[in-house]
Protein chains: 2
Amino acid sequence: MKNSTGIKIGLVGMGKIARDQHVPAIAGNPAFELVAVASPNHKLEGFPHYPDVASLLSAIPDIDALAICTPPQIRYDIARYALERGHHVMLEKPPGATLNEVRALVELAEQQKVALHATWHSREAAGVEPARQWLANRKVRNVIVTWKEDVRVWHPGQTWIWKAGGLGVFDPGINALSIITRILPGHLVLRDAELAFPSNCEAPVAATLQLRNEHGTAVRMEFDFLQTGPQTWDIAVETDDGRLLLSLGGSVLRINDDPVMQAPDREYPNLYARFEELVRERRIDVDVTPFRLVADAFMCGRRVVAAPFVE
Amino acid sequence: MKNSTGIKIGLVGMGKIARDQHVPAIAGNPAFELVAVASPNHKLEGFPHYPDVASLLSAIPDIDALAICTPPQIRYDIARYALERGHHVMLEKPPGATLNEVRALVELAEQQKVALHATWHSREAAGVEPARQWLANRKVRNVIVTWKEDVRVWHPGQTWIWKAGGLGVFDPGINALSIITRILPGHLVLRDAELAFPSNCEAPVAATLQLRNEHGTAVRMEFDFLQTGPQTWDIAVETDDGRLLLSLGGSVLRINDDPVMQAPDREYPNLYARFEELVRERRIDVDVTPFRLVADAFMCGRRVVAAPFVE
C-alpha cells in the first residue's frame, strides 16, 4: 500500500458495468478513493480522465489499485502493465480472454507481491451463501439451471460479446457457473455440451451443458441469449431432503417453495469489501473454475449453426 | 508402494500407443512388472486380460499402478476409479477430455497421497532439453511451428479423434505445444487462432495459432492433419544469436544449420523412469499448460468449415 489511509483506485474501462456498479460501490466504501478513470471514449464527470492505462499510471504513479472493467479481450495487457508497476488489480468477470493469460497474471502478482482479485459478482448475491450452507448437509440429486435473457436489453451495443473471445451467451452463463461451483460440493466436470453459433458471429447465442460430480449429482444448464418477455436466471436443486430454488441470479432463495431470503443487492459492495482485505494483505484470490468450465464446453461441445444475429 | 521390489503395473486401453510404446518401455525397465491389461476388445499375448478397470482391480487389488492409454474421453472415470482405490496413475496425453477433470484428479491424488503423472512424451525427445538450455540465454524473436501429418497414416481407425473431446488435429498439435512451453522462457498466451472443422466432424482438421510471451516473442503454429507426402514436425526458432531447428518432433536438433543432436528415441523409457520416481515418492507431476492452450484456442478461435473427412 502506497497510502495508509485510503486505497487510491482507478477504473479502466468505462462501459455499462463500470458506471452501473463499480462507481457507486467505490463511492459507498470509505476505504477507497476513486482518483481517475481511463477509457478511449467515455469520461466520468468530476474525475480526471485518461485515454489508456499507460497515460493514467504515468500521470498518477502513486495510485494503489486499478479495477479493470474493459471487454475481456484486452484485459490481460492492461492487467500485466499495472501489475508490472506494482499496482493491485481487480478483474471483472471473466478474468481474461484465455486461461493461460489468467495463469500468467497470477504468477506475476505472486512475484510482485500485490493483490489480484478475479471477481465473480454473482457469488455475492444474497441467496448464494445460505444456499451453500443448506446444501452442504444434503444429498443433491439433480440441478436444473435456466439462464435466459435478452442480449438486446442487457448488452446493448456490446459488439465485443460476439467476437472471438467475447464468449457470447457464456458471458451471462458464467455467472450461473460461478454460483453452482460455489454452492455444490464436489468437483463438477462436463459430460456433454451443445453450443449454437449464429452464422455471422464468433460466439454462441445458446448452449446446453450437462455436468456431473463425483457424488452422482447431475446438472443440466440451459443458456439462451434471445429470451424476450420474462427473463429467467434460476437454479433449481432437488435433494433427498427437499427442494431449493435460487432465482433472479441468486438474489432470491426459496426452500420447498417458502421464501427464506430476499435481500437488497450487495454484490459489488461485497466485492470491494473483499478487495480491500486482499489489498491490505497483498493476497491473491483467483478461482478460475467457472472460466475453466466455459473453456471445457468450447473444447468438447458439439456445435450447431443458428440464425444470424442482428442487434 | 504395496510391493517394495518392483512396481506392479497394469495397462488400461490396448490401442496403438499402448502396444507401440508402453509395452516395450515397461519391458525395458526392471523397476516395473506388467501384470495385466484391461481393454474391451484387445488382448496382449502372455498377460492376463480384463474387459475393464473394475474387473482388473477386483482381480488384482494389490496392483500398484495403472497406465491409462484409452481415448481421452473416458480417461477421467478410469483414473478416478483407480485413484479412489489408492493406486498410482500415469495418464497418456492429453491428461483428460476437459481441464476440470484433470483438476479434480489432481485434488484426488493429493488426498489419496498417490502418484499422478500427466505425461507429455514429446518433451522427452532427445533435442528438447538441449534446445531449452541453448534458448535460455538468448533473446527469442520469432518461432515458426509446422506440424503437418497424415491422419490416415498415424491414426488409422481412431474415430474417437473426430468426436467432441477428441481434439482432432490438436491431438498431434498438443505435442508441439508441449515442446514450445518447455523450451521457451516466459508465459505464452494466445493472440489469435483459426480452426477448420470438417463439415461432418466435431473436431478440427487444421488450425493456425498465434501466441506471444511477455518478452515479445511471437510464435506462429500451423497444424494440418491431411498432409500427404513428406511429414513435418518442425520448430524453427530465430534468436538474436542464431537459429535453432528442432525437427522430427523434437528428436533432431540443428543450430545454425549444424546438427548438434540426433539421438535414439527414449521418449517412453524416460517417461517410465520419471513415473518410477513419482511412485517411490508418491508425488504429482501434472502440468496442464499445453492442454490449457488447446482449450484457449477452442474458446477464442475463429471457426471455418472444411470439406468433410472420410477415412
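Between chain A and chain B there are 4 salt bridges, a salt bridge being a side-chain nitrogen of Lys or Arg within 4 Å of a carboxyl oxygen of Asp or Glu. One pairs Asp77(B) with Arg212(A), whose closest N and O atoms are 2.9 Å apart. This is a predicted model, in which local features need pLDDT of at least 70 and side-chain atom pairs count only at pLDDT 80 or more, while totals for chains, interfaces and linings use all residues. Residues are numbered from 1 along each chain as its sequence is written, chains are lettered from A and ligands numbered from 1 in the order in which they are written, and side-chain values use heavy atoms, with hydrogens and water left out.

**The interface**

- Polar contacts link 12 residue pairs between chain A and chain B, both residues at pLDDT 80 or more; such a contact is a pair of N or O atoms within 3.5 Å, where within protein one must be able to donate a hydrogen and the other to accept it, and residues adjacent in sequence count only if both atoms are side-chain atoms.
- On the chain A side, the elements giving two or more residues are α3, α4 (99–112), β8 (189–198), α9 (289–300) and β16 (302–306). The largest share, 10 residues, comes from α9(A).
- Each chain brings 36 residues to the contact, which means heavy atoms within 4.5 Å.
- About 3,000 Å² is buried between chain A and chain B, with carbon and sulfur atoms giving 57%; this is the accessible area (1.4 Å probe) that two parts lose on being put together, summed over both.
- In chain A, Asn100(A), His187(A) and Met299(A) lose the most area to chain B, together 23% of what that side buries.

**Helix α3 of chain B**

- Of the 10 residues in α3(B) (75–84), 7 are buried, that is, under 20% relative accessible area (1.4 Å probe, protein chains only).
- Among those buried are Tyr76(B), Ile78(B) and Leu83(B).
- Gly86(B), just after α3(B), has a positive phi of about 85 degrees.

**The sheet of chain A**

- Seven strands form an open sheet with parallel pairing, in the order β3-β2-β1-β4-β5-β6-β15; strands (E, at least two residues) and helices (H or I, at least four) are DSSP runs numbered from the N terminus, and two strands pair if DSSP finds at least two bridges between them.
- The edges are β3 (49–50) and β15 (284–285), each pairing on one side only.
- Strands β1 (7–12) and β2 (32–38) of chain A share 6 bridges, and Lys8(A) has Glu33(A) of β2(A) as its bridge partner.

Conventions: Buried < 20%, exposed > 50% of the residue type's maximum accessible area, 1.4 Å probe, protein only.
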